[in-house]
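Subject: Structure for you to look at

Hello,

Here is the structure I said I would pass on. Please open it next to this message while you read.

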Amino acid sequence: MLLADSPTPELQTLSRAQYDLVEYALAGAGFALLAYTLYSWTSRGEVGVRYRPAVLAGLCIGAVATVSYLLLFLRWSSGYDLTDVGYVPDDQARLALSPRYVDWSVTVPLLTAELLAVCALAGARVRALRASAMTAAFLMILTGHLGAQIVDGGRDTTALVGWGLVSCVFYAYLYVALIGAVRSSMPAMGREAAVSLRNATIVLLAGFGVYPLVYAIPVFVDVTASWLTTIQLAYSAADVVAKVGFGVLVHKVAKLRTAEDVVEGVDTHPEAVWVGNVEHSRAVLPPVRSGEERATPPVVGAGDPRRTGEHR
């Protein structure tokens with residue numbers, strides 16, 4: 001069964017306003033991702049070695065997504081010709097959405113690894129969960145891509161619905177697995193870190209929720225130029241929320257957990273850990289010589305806001 005005889009989303013004729021709005025969204029999202037990449041690179045030393053994989057995953061996510069948006073912007077600019085009736089698609093327009101799936105095939109699995117890197121799981125348990133979550137994330141994107149773009153160019157309703165349902169199975173597994181990991185981790189960390197971890201998870205899963213909603217649009221309505229504009233805007237906004245917003249929150253969790261380890265004397269960090277304008281731990285250097293006693297970590301009292309989280 002085929003969808004209504006209307007052009008694929010990328011082959012719609014756009015008004016000048018629609019074209020300019022999408023161009024603005026692509027450029028804005030690209031610059032936001034570039035800024036996040038630079039932030040991740042310059043601030044990686046703020047986080048202890050134990051949680052450094054989360055920062056490195058975020059750095060890779062930002063870099064891949066920035067390149068993806070550069071391709072999206074270039075293909076958008078070259079895929080439409082301005083005429084008296086608006087922006088008419090040319091032979092390159094069919095590629096206006098495809099870089100997104102390539103991007104997601106890499107970045108969505110890395111997002112799951114980024115979250116798990118700041119959870120309080122360890123050993124074989126976290127390794128198995130990370131492998132299954134990253135695999136499920138990749139298969140979620142791949143099966144969605146088959147239905148939305150590959151089989152009959154996304155015009156086959158049966159394929160769109162069928163592959164969409166398969167994708168949702170992996171999507172549901174990710175929700176269960178990640179929420180379970182976060183819930184089991186929160187009691188093992190300080191209050192502020194736990195709240196930030198919860199918020200990061202909400203941001204990530206809420207961002208994930210946008211994609212199946214947009215995916216399902218062609219099942220219920222004909223895709224018009226307005227819908228193409230909506231698709232591009234929604235995907236761009238969701239990418240910024242799920243990558244930049246989530247990444248900043250995970251970075252905060254990593255810093256807070258680094259400070260907790262220093263305060264509890266289980267790790268050292270060569271510089272003080274600050275979150276906002278609050279110092280959560282002082283610099284503690286490792287022993288210079290083998291056998292030398294480790295520098296005494298700062299002792300934080302029970303009423304200190306650094307332990308209770310009762311501050312900004």
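Below are my notes, going from the overall fold to the core, the empty spaces and a few single residues.

Please keep in mind that this is a predicted model.

Overall fold

The protein chain has 9 helices and 4 strands. Along the sequence they come in the order α-α-β-β-α-α-α-α-α-α-β-β-α. Of the 312 residues in the chain, 48% are buried. Among contacts in the chain with a separation of 6 or more, 75% are between residues 24 or more positions apart.

The strands β1 (residues 80-83) and β2 (residues 86-89) pair in the antiparallel sense, with 4 bridges between them. A hairpin of 2 residues takes the chain from β1 to β2. Within this pair, D81 sits opposite V88 of β2.

Nonpolar cores

As background, nonpolar side chains in soluble globular proteins tend to be buried together. In this model the largest nonpolar core contains 55 residues, and L197, L204 and F208 have the most contacts inside it. Two or more residues of this core come from each of α2 (52-78), α3, α4, α5 (157-185), α6 and α8. The biggest contribution is from α6, which gives 10 residues.

What does F208 touch, once its neighbours within four places in sequence are left aside? The answer is V108, L111, Y171 and Y175.

Another core lies apart from the largest one; this other core has 18 residues, including L14, L26, W76 and A93.

Largest pocket

Rolling a probe the size of a water molecule over the atoms shows where empty space is left. The largest pocket holds about 410 Å³ of space. Its lining is made of 22 residues, and those nearest the centre of the pocket are G164, S167, Y211, P212 and Y215. The helices α3, α4, α5, α6 and α7 (217-220) each give two or more residues to that lining. The largest share is from α5, with 7 residues.

Which classes of residue line the largest pocket? There are 18 nonpolar and 4 polar residues, and no charged ones.

Cavities

The model has 3 cavities of 30 Å³ or more. For the largest cavity, the volume is about 190 Å³. It is lined by 18 residues, and P9, L97, Y101, A148 and Q149 are the closest to its centre. At least two lining residues are supplied by each of α3 (98-116), α4 (123-150), α6 (191-215) and α8 (225-263). Here α3 has the largest share of the lining, at 3 residues. By class, the lining of the largest cavity consists of 11 nonpolar, 4 polar and 3 charged residues.

So that the two linings can be read side by side:

| Space | Nonpolar | Polar | Charged |
|---|---|---|---|
| Lining of the largest pocket | 18 | 4 | none |
| Lining of the largest cavity | 11 | 4 | 3 |

Two single residues

T143 is placed in helix α4. Is T143 buried or exposed? T143 counts as buried because its relative accessibility is 7%, and the cut-off for buried is under 20%. Apart from neighbours within four places in sequence, T143 is in contact with W163, V166, S167 and F170. One of these, S167, is also among the residues nearest the centre of the largest pocket.

V195 lies in helix α6. Its relative accessibility is 27%, so V195 counts as partly exposed. V195 and V253 are 58 residues apart along the chain, and their C-alpha atoms are separated by 8.9 Å.

If you want a place to start in the viewer, F208 and its contacts V108, L111, Y171 and Y175 are one option. Another is S167, which T143 contacts.

Regards

Notes
Residues numbered from 1 in each chain as written. Predicted model: local features only at pLDDT ≥ 70, side-chain atom pairs only at ≥ 80, totals over all residues. Heavy atoms only, no water. 1 Å grid on protein atoms, 1.4 Å probe; cavity = no way out; pocket = protein on both sides within 12 Å on 5 of 7 lines; lining within 4 Å. Points joined across faces, edges and corners; volume = space filled by probe spheres on them. Nonpolar A, V, L, I, M, F, W, Y, C, P; charged D, E, K, R; others polar. Buried < 20%, exposed > 50% of the residue type's maximum accessible area, 1.4 Å probe, protein only. Contact = heavy atoms within 4.5 Å. Core = buried A, V, L, I, M, F, W, Y, C linked by side-chain atoms within 4.5 Å. Pairing = 2+ DSSP bridges.
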